[in-house]
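Me: Could you go through this model with me, taking the charged pairs before the surface and the pockets?

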Amino acid sequence: MAEDSDLEKTEAATARRIQRAREEGQVVRSRELSTFLELLTALGVLMLMGHHFMRTLSHLMEAGFTLDRATVLDSRLMLARFYGQFVDVLVAFLPLLGALLLAGFLAPLLLSGWNFTLKPLTPNFTRLDPLAGLGRMFSLNALVELLKAVVKSLLIGGVAAWVIWQSLDAFFALPGEPLPVAIRHLGSLTVSTALILVGAFLFLVVADVPFQLWQYARGLRMTKEEVRQEVKESEGDPQIKSRIRAMQREAARRRMMAEVPKAQVVVTNPTHFAVALRYEEKRMAAPQVVAKGAALLASRIVELAREHHVPVLEAPALARALYRHADVGDEVPQRLYSAVAQVLAYVYQLRQAATKPEPPRDLPVPPDMDPLSRAEETHA
């Protein structure tokens, strides 16, 4: 069943899936990379500060084996002396310890970056399941780790044996050399051997890091159903989102229709478009579109305007231009100021004159702002 489930997981992990895995402490790790960096750091520090360490150890050993009568006869003084020498050794090797700690801290950051989470520290009693433990012991990952350990032992052991065999004569010659020369010679042999072993370890790192990246991505793969479910969780159910958008449009339409009775005039096509305009001289810099609609909504705007005695003016070109170039809440485009001014003047005359004035004709609407005129020019 587990194999069938893995076969179904054919989709790459989504960003949300990767983020959840990081929150749970699942990140890319390469033990070989960490070991390589720590070995390289230790070797670098020893090469740079080896003489300092040797001098410090020499002085400490000399002081440690130089005992006076009082110290020998008093156990408390002897313990204090040992404690002081232990602290001196620890202080002397603090640069090496600090460098190793820093390397161990920085090595995981090279693959997975900074990731701080306490989730792995929470109790998880499912790990105590013996059947699950046996499954992990005989899993493909366990087999891969076993093969890696065998290859690592063979590679490092083989390289070490080869290096020692090549330097066998030099090692056998050490007892016949003066002590200071032998110590320096032994140090150089040790450093050269360590460099070769670290170089051999680099091959393991080059092979392990891509494998760990591939295995991590493989472990986070998802089924098509999981991807669809995650899209729904992150972006919302399409049906619910569609319903919300419809409700928002309906609410906006109700607010817009509530502004129609407050308009000064409604300009119509006469049947295809309707645009309601309002202008308050002391509050507005220019007339404002408070409602607009096409087809059935245009008919409803005209009907509502007549119910509230708002003048309705048939001006097809102006209605089309306003509908096309101004949204609800926008001011009238500057190029339509002249035409709208004539419409508002007509409305003021309509309210004050005893007889109904003649509606304005041939309003100055630029041809490039009238969609119908532009369509006719394109067709021509």
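**Salt bridges, patch and pocket**

Reply: At 23% relative accessibility, glutamate 259 counts as partly exposed. This is a predicted model, and the questions can start from that residue.

Me: Which residue meets the side chain of glutamate 259 in a salt bridge?

Reply: Glutamate 259 lies in helix H13, and the pair links distant parts of the chain, with the partner 19 residues apart in strand S2 (residues 273-278). The partner counts as buried because its relative accessibility is 13%, under the 20% limit. With 2.9 Å from N to O, the residue that meets glutamate 259 is arginine 278.

Me: Is aspartate 370, which pairs with arginine 320, buried or exposed?

Reply: The side chains of aspartate 370 and arginine 320 meet in a salt bridge at 2.7 Å, N to O. Aspartate 370 sits in the loop between helix H16 (337-352) and helix H17 (371-379), whereas arginine 320 belongs to helix H15 (residues 316-325). Because its relative accessibility is 4%, under the 20% limit, aspartate 370 counts as buried.

Me: Which element gives the largest share of the nonpolar patch?

Reply: The surface patch is formed by Tyr83, Phe86, Val87, Leu90, Val91, Leu94 and Leu97, with about 670 Å² of accessible area together. Two or more of its residues come from each of helix H5 (75-92) and helix H6 (94-106). The largest share, five residues, comes from H5.

Me: How many residues does H11 give to the lining of the second largest pocket?

Reply: This pocket has a volume of about 830 Å³, and its lining divides into 18 nonpolar, five polar and one charged residue. Helix H3 (31-64) and helix H11 (179-219) each give two or more residues to the lining. H11 gives the most, and its contribution is 12 residues.

Conventions: Residues are numbered from 1 along each chain as its sequence is written. This is a predicted model: local features need pLDDT of at least 70, side-chain atom pairs count only at pLDDT 80 or more; totals for chains, interfaces and linings use all residues. Side-chain values use heavy atoms; hydrogens and water are left out. Patches are made of residues with over 30% relative accessible area and no salt bridge: like charges are joined within 9 Å, nonpolar side chains (Val, Leu, Ile, Met, Phe, Trp, Tyr) within 5 Å. Accessible areas come from the Shrake-Rupley method with a 1.4 Å probe; for residues, only the protein chains shown count as cover. A salt bridge is a side-chain nitrogen of Lys or Arg within 4 Å of a carboxyl oxygen of Asp or Glu. Helices (H or I, at least four residues) and strands (E, at least two) are DSSP runs, numbered from the N terminus. On a 1 Å grid over the protein atoms alone, a cavity is a set of points where a 1.4 Å probe fits but cannot get out, and a pocket is an open set with protein on both sides within 12 Å along at least five of seven lines; lining residues have an atom within 4 Å of a point. Grid points are joined across faces, edges and corners, and a volume is the space filled by probe spheres set on the points. Ala, Val, Leu, Ile, Met, Phe, Trp, Tyr, Cys and Pro count as nonpolar, Asp, Glu, Lys and Arg as charged, and the others, Gly among them, as polar. Buried means under 20% relative accessible area, exposed over 50%, partly exposed in between (1.4 Å probe, protein chains only).
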